[in-house]
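Student: I'd like to learn how to read a ligand site. Can you walk me through one?
Tutor: Sure, let's pull one up and start with the contacts.

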Amino acid sequence: MRTVRTARHADTGGAGGHSRILGIGGYRPWRVVANTELCAAIDSTDEWIETRSGIRERRFAAPDETLHSMALAAAGKALAAAGVDPREIDLVVLASMSQLDQTPPLSVRVAQALGARAAAAIDLSAACAGFCHAIAIASDAVRAGSARNVLVIGAERMTDIVERTDRGSAFLFADGAGAMVVGSAAAPGIGPVVRRADGAYSEALRMTAPWGDSAGARPWMRMDGRRIFRWAMDEVAPAAAEALRAADVSPADLGAFVPHQANLRIIDLMAERLGLGPRTAVAQDVVRMGNTSAASIPLALETLLAEGQAGSGDTALLVGFGAGLNYAAQVVVLP
Ligand code: ACO
């Protein structure tokens, strides 16, 4: 049988080499929205929202803060932090669940605007698990030598798909974008991914109708929060522990825990189940940013690094989970 060469970029350290995060960047919309601003529409209180979710405020995008502009801003910061020229990017993977323009892919328009002329670009739909799935794809591409550098982006305008009067979700979701550059490395910087989808829970988080199928009525996202909360504890917390074992990192040695920023109670309970010690910084970006779906993990990482709670060379456990239901987790070394 004939064989073929498998790696395009073996000379850059790709084939047989390793991958790592080279830089992280985020974009936060300007408008800060406090709990009190939302209460009247959902018959709630500031106290209820903070007690049940930990959220005090979030950011809502203005009309000119589009998915494209936010993704571009976050990507530009990540590239600058990584010291990578856009022309050195071979692949852009953009995760989003709130893109209303289905085609052309947003990733292609972002690559074009950045000047990433050599890059292939794909959009990825895995809701709040999207960013960790995208990191896994990026890492595999770099390690296999099919890409030198991969730009991973999570961008969301959840305010476009969440109904302001929906009591179960209007106070949780928000807007923003985060990005990172994944490139080659001499030592492993991104651990094995632990991932799974469970379609038995597909009704727990879904749109009310397909686009264009509802006689002019707009589809909105609906969520069975209580069911997802239990699933996160029963299924995702053990998967997070498995990702630590797979990377051979003990809870005591973990530098930072950065789960999807869905709810502070979920974050705290997961940290407890993992047996994390006082040396591990636990991301709490949800308090000020709400749930920004695929953007929440890079935004939370950016905050930890900016505030000095975690530093370059520290290990961080990332855990994305959400609609599908769907999860992906891996340990990374911070840039
Ligand atoms: N304001 C005031 N009261 C409310 C509100 C509200 N906005 N919403 C519900 N309540 C009431 C309920 O009616 C209920 O009253 P009852 O006890 O008299 O029946 C009570 O508060 C408790 O309601 P629960 O739904 O059980 O509240 P819970 O403690 O579960 O918190 C929440 C709700 C915050 C949504 C939580 O379940 C959650 O965060 N779930 C996980 C969400 C998640 O992780 N999603 C996945 C990722 S997102 C993605 O993929 C897009």
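Tutor: A polar contact here is a pair of N or O atoms within 3.5 Å. Keep in mind that this is a predicted model.

Student: OK, so how far is the polar side-chain atom of Trp48 from a nitrogen atom of the ligand?
Tutor: That distance is 3.4 Å for Trp48. Backbone atoms join in too: a polar one of Gly225 is 3.0 Å from a ligand nitrogen, and an N or O of the Ala323 backbone lies 2.9 Å from a ligand oxygen. On its own the ligand has 1000 Å² of accessible area, and the protein covers 77% of that.

Student: How many residues surround the ligand?
Tutor: To be counted, a residue needs a heavy atom within 4 Å. Here there are 27, with Ser44, Arg52, Cys128, Arg226 and Asn263 the closest. By type, the shell splits into 16 nonpolar, seven polar and four charged residues.

Student: Which elements supply at least two residues of that shell?
Tutor: Those are the helices α2 (46–53), α6 (225–246) and α7 (264–274), plus the strand β13 (315–322). The largest share, four residues, belongs to α6.

Student: And where does the ligand sit?
Tutor: In the largest pocket.

Student: Why does the ligand lie between domain 1 and domain 2?
Tutor: Look at who contributes to the shell: domain 1 (8–185) and domain 2 (194–333) both give residues to it, so the ligand lies between them.

Notes:
Residues are numbered from 1 along each chain as its sequence is written. This is a predicted model: local features need pLDDT of at least 70, side-chain atom pairs count only at pLDDT 80 or more; totals for chains, interfaces and linings use all residues. Side-chain values use heavy atoms; hydrogens and water are left out. A polar contact is a pair of N or O atoms within 3.5 Å; within protein, one must be able to donate a hydrogen and the other to accept it, and residues adjacent in sequence count only if both atoms are side-chain atoms. Accessible areas come from the Shrake-Rupley method with a 1.4 Å probe; for residues, only the protein chains shown count as cover. On a 1 Å grid over the protein atoms alone, a cavity is a set of points where a 1.4 Å probe fits but cannot get out, and a pocket is an open set with protein on both sides within 12 Å along at least five of seven lines; lining residues have an atom within 4 Å of a point. A molecule sits in a cavity or pocket if more than half of its atoms lie within 2 Å of its grid points. Ala, Val, Leu, Ile, Met, Phe, Trp, Tyr, Cys and Pro count as nonpolar, Asp, Glu, Lys and Arg as charged, and the others, Gly among them, as polar. Domain bounds come from an automatic or database domain assignment.
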